[in-house]
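Trainee: I am new to this structure and would like a close look at one part of it. Please take me through the helix packing, and then through the loops with unusual backbone geometry.

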Amino acid sequence: MTKTTSGLLIESEMSDCVQKDIIAIGRAAIDLNAVEINRPMEETETFRKYVGGSPVNISIGAAKLGLNVGIIANVSDDQHGRFITNYLDKVGVDTSQISIDKDGHKIGLTFTEIKSPKESSILMYREEVADLYLKPENVSEDYIKNSKNLLISGTALAKSPSREAVIKALQIAKDNNVNVVFELDYRPYTWINLEETSLYYKLVTEQADIVIGTRDEFDMIESFQTLEDNTIANKLFNYTPNLVVIKHGVQGSHAFTKNGQSYEGKAFKANVVKTFGAGDSYAAAFLYAVVKGKDIATALKYGAASAAIVVSSHSSSEAMPTVEAIENLIAQQS
């Protein structure tokens, strides 16, 4: 078992290894995407239901690409909770560590508004949601120890007890040489204030091995707000991170490694239906490529191609592409 320059463990001659490639922890939700697109939500009458939530979407994307993936989450003890678990089972994500909430907390709902290919918005219901009641005792040390990478989603840090559950998972990973991937996933309506956000984002960012986020998300860490991308990466390289990926939407992305290398990724052309879902699909394909031992430049292409495919679809989770679809798009636009 060896590591890439990014720190991710890659496949080795131990073909019979049963380790998970990635275990994600955090938000499990439901997306209700407007069926009547190109109109405001006030005029929308029908929505289609999908599984949602950044860590869940990334898990689905990685599983569809062929990785061995698991999820640690808390879902409601009702039809919505079963909908999420059943779909994850269907696509091959291990749901053995999904806890069923017994205190009446419900699944978070996300209504999406698709006014145009360039103008989309979301309306989230996040009061007392089940995912933020994931408890430290729901986090299994043995499960995390048997993984190559732990993916942490920033939203899970917003409130207790989910916050403590994530910190426990982080500590287990650090104690057992499991790589930590921090996908920033900043949702402002979940947090109390920017000071609190910055504190917890900084805490996990400095202990992660890989950090992925948009430039706006990195700006939630107060000390990064006026810095250039490469300066942000170099500040983080004083701590644990060895790979930092900063996304700029249609302007592409930048990746920086601790050994001084930098890469620029270009965005791919897309027939855009909506603007959300790109980040999760990007992370899933980027991590897939690195886990499979591909170089960072190629991983950036995989991430960008996957994002282009998903924004061209009505859904996020169901639109997560196959390896063949990603490679075909790269070949077409190379």
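Mentor: What follows starts with the helices and then turns to the loops. Keep in mind that this is a predicted model.

Start with helix α1, which covers residues 54–64. Ten of its eleven residues are buried, so α1 is largely enclosed by the rest of the structure. The buried residues are S54, P55, V56, N57, I58, S59, I60, G61, A62 and A63. After the helix comes G66, with a positive phi near 105°.

One of the partners of α1 is helix α8. The two axes come within 8 Å and cross at roughly 45°. That angle makes α1 oblique to α8. The crossing in which α1 passes α8 is right-handed. On the α1 side, the contact is made by S54, N57, I58, G61 and A62, and on the α8 side by D280, A283 and A284. Sorted by class, this contact has four nonpolar, three polar and one charged residues. The five α1 residues named in the contact also appear among the buried residues of that helix.

Now follow α8 to its other contact. Helix α8 spans residues 278–291 and helix α9 spans residues 296–311. Their axes come within 7 Å, with a crossing angle of roughly 145°. Here too the crossing is right-handed, with α8 passing α9. From α8, the residues in contact are A278, S281, Y282, A285, F286, Y288, A289 and V290. From α9, they are I296, A299, L300, Y302, G303, A304, S306, A307, V310 and V311. By class, there are 15 nonpolar, three polar and no charged residues in this contact. Helix α8 therefore takes part in both contacts: D280, A283 and A284 are its residues facing α1, while the set facing α9 includes S281, Y282 and A285.Next come the loops. Most residues other than glycine have a negative phi, and most peptide bonds are trans. Three places in this model depart from that pattern, as listed below.

- The peptide bond from S160 to P161 is cis, and its omega is near 5°. P161 sits in the loop between β10 (149–153) and α4 (162–175).
- E128 is not a glycine, yet its phi is positive, at about 55°. This residue belongs to the loop between β9 (119–125) and α3 (141–145). With a relative accessibility of 48%, E128 counts as partly exposed.
- N177 also has a positive phi, near 60°, without being a glycine. Its loop runs between α4 and β11 (179–183). N177 counts as exposed, because its relative accessibility is 54% and the cut-off for exposed is over 50%.

Finally, look at S162, which is in helix α4. S162 is buried, with a relative accessible area of 1%. A polar atom of its side chain lies 2.7 Å from the backbone oxygen of A156. Apart from neighbours within four places in sequence, S162 is in contact with D131, L132, L134 and A156.

How values were computed. Residues are numbered from 1 along each chain as its sequence is written. This is a predicted model: local features need pLDDT of at least 70, side-chain atom pairs count only at pLDDT 80 or more; totals for chains, interfaces and linings use all residues. Side-chain values use heavy atoms; hydrogens and water are left out. Axes are lines fitted to C-alpha atoms, for helices over the stretch in contact, and angles run from 0 to 180 degrees between N-to-C directions. Helices (H or I, at least four residues) and strands (E, at least two) are DSSP runs, numbered from the N terminus. A crossing is left-handed if the near helix is turned anticlockwise from the far one by less than a right angle, and right-handed if clockwise. Contact means heavy atoms within 4.5 Å. Ala, Val, Leu, Ile, Met, Phe, Trp, Tyr, Cys and Pro count as nonpolar, Asp, Glu, Lys and Arg as charged, and the others, Gly among them, as polar. Angles under 35 degrees count as roughly parallel, over 145 as roughly antiparallel, 65 to 115 as roughly perpendicular and the rest as oblique. Buried means under 20% relative accessible area, exposed over 50%, partly exposed in between (1.4 Å probe, protein chains only). A polar contact is a pair of N or O atoms within 3.5 Å; within protein, one must be able to donate a hydrogen and the other to accept it, and residues adjacent in sequence count only if both atoms are side-chain atoms.
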